[in-house]
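Trainee: I would like to learn how to read a protein model. Could we go through the features one at a time?

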Amino acid sequence: MKQFGLSFAACFEKYTFILIPGSLVMGWFLSNHLLPYVSTIPYLFGYITLVMALGCGIGHLRAVMRRPLPVILTLLLAHAAAPLLAYGLGTLVFGPHSEYTTGLVLFAIIPLGVSSVLWVGSSGGSVPFILSVVVLDTLLSPLVVPALMELYFGTASLTWDMTGLVIDLLQMVVLPTVVGVVLYELSKGRAKAWSAPVAQPLSKIAFMLVVMLNAAAIAPHAAGMRQEMVIIVPIVIVLICICYGLGYYGAFSLPNRTREMQVTLTYASGMRNISLGMVLATAYFSPKASVPVVLSIMFQQPAATIIHSLLRKFKQVPNSPLKEEMDETVS
């Protein structure tokens, strides 16, 4: 049973670029059957967040904060530069008051993606750094997401419940993350390995269900947007490429830049927690605003595959002092 669970999780990660878009398509076609279960999304997502946080302890966060420059740069690229470019791109194509522009900005504002940890590890980046930054960014999301959405669009142009959004983020993201970190500390880092044969496969299944149910929620509204998809899909692909490019080229501003940190920043800036984005988009924004976020899940993972292939061609360099220090801290 243990080996089966771990093999299932590894197989899922290998074929994520097929399984997740497949779940999206299934959600669209099975919308009528899945709609009654949409209310379970927050609980599924909370479980996914908890499993992710089991791999991060206070030592990881402390080691990251000793060298704040890479952390600050990552957050600025992801939540300052990316939303600004998303707003500019959306304004240029759809107009500043378009709901599609709202969706593009929302994609850029949501927290860093948990799956970036997998890609950073397989591409030679710093896994402790990306895991810690993902957890930190997740904890900050109840402040970052509402504040930036209001900054770009104001309360007058968006009819949404900011208080409800903050409460949902606290319940779905912050509380499970805190519980996961506490369990890591209480178990001295053994909780993730001990629970992995069961927790990891279940989290993969929960991820697929979140994608499927969110797709089912917007399917009735998306049926009348087929002509607009011809424009929206290329714009979403361009935005995803911009986010990856921001991380790769932004890393050049780091003193003593290393390949390891350049790889890490590329995925940190490029990958978003789209499952959370879909939950927020469908719950608090219009169906049109949800479309760019939902579509992005079809292209984020394939784009990561291409980035991985490109990065493998680059010359390896020694580990950075940050990675060595973090390894010593958490060992």
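Mentor: We will take the whole chain, then its core, some single residues and a pocket.

Mentor: This is a predicted model, in which local features need pLDDT of at least 70 and side-chain atom pairs count only at pLDDT 80 or more, while totals for chains, interfaces and linings use all residues. Residues are numbered from 1 along each chain as its sequence is written, and side-chain values use heavy atoms, with hydrogens and water left out.

Trainee: How many helices and strands does the chain have?

Mentor: Helices (H or I, at least four residues) and strands (E, at least two) are DSSP runs, numbered from the N terminus. Here the chain has 16 helices and zero strands.

Trainee: What share of the chain is buried?

Mentor: Buried means under 20% relative accessible area, exposed over 50%, and partly exposed in between, with a 1.4 Å probe and protein chains only. Of the 331 residues in the chain, 55% are buried. Helix H14, residues 274-284, is mostly covered, with nine of its 11 residues buried. Among them are Ile274, Leu280 and Tyr284.

Trainee: How is a nonpolar core read, and which residues have the most contacts inside the largest one?

Mentor: A nonpolar core is a set of buried Ala, Val, Leu, Ile, Met, Phe, Trp, Tyr and Cys residues joined through side-chain atoms within 4.5 Å. The largest one has 92 residues, and Tyr267 and Leu280 have the most contacts inside it. Helix H9, residues 127-157, gives the largest share of this core, 11 residues.

Trainee: What does Leu280 touch?

Mentor: Contact means heavy atoms within 4.5 Å. Not counting residues up to four places away in sequence, Leu280 touches Ile110, Val145, Leu165, Leu169, Met172 and Phe285. Across the chain, residues 24 or more positions apart account for 86% of the contacts with a separation of 6 or more.

Trainee: Is threonine 74 buried or exposed?

Mentor: Threonine 74 counts as buried because its relative accessibility is 1%. Threonine 74 belongs to helix H6, residues 68-93. Leaving aside neighbours within four places in sequence, threonine 74 is in contact with Leu112, Phe129, Val133, Leu265 and Ala268. Threonine 74 and valine 133 are 59 residues apart along the chain, and their C-alpha atoms are separated by 8.3 Å.

Trainee: Where is serine 203?

Mentor: Serine 203 is in helix H11, residues 191-222. Serine 203 has a relative accessible area of 7%, so this residue is buried. Not counting residues up to four places away in sequence, serine 203 touches Tyr47, Ile48 and Val51.

Trainee: What is the phi of lysine 188?

Mentor: Most residues other than glycine have a negative phi. Lysine 188 has a phi near 55 degrees, a positive value in a residue other than glycine. Lysine 188 lies in the loop between helix H10 (162-186) and H11. With a relative accessible area of 67%, lysine 188 is exposed.

Trainee: How is a pocket read, and which residues lie nearest the centre of the second largest one?

Mentor: Rolling a probe the size of a water molecule over the atoms shows where empty space is left. On a 1 Å grid over the protein atoms alone, using a 1.4 Å probe, a pocket is an open set of points with protein on both sides within 12 Å along at least five of seven lines, and lining residues have an atom within 4 Å of a point. The second largest pocket is lined by 15 residues, of which Cys241, Tyr244, Ala303, Ile307 and Leu310 lie nearest its centre. H12 gives the most to this lining, with seven residues.
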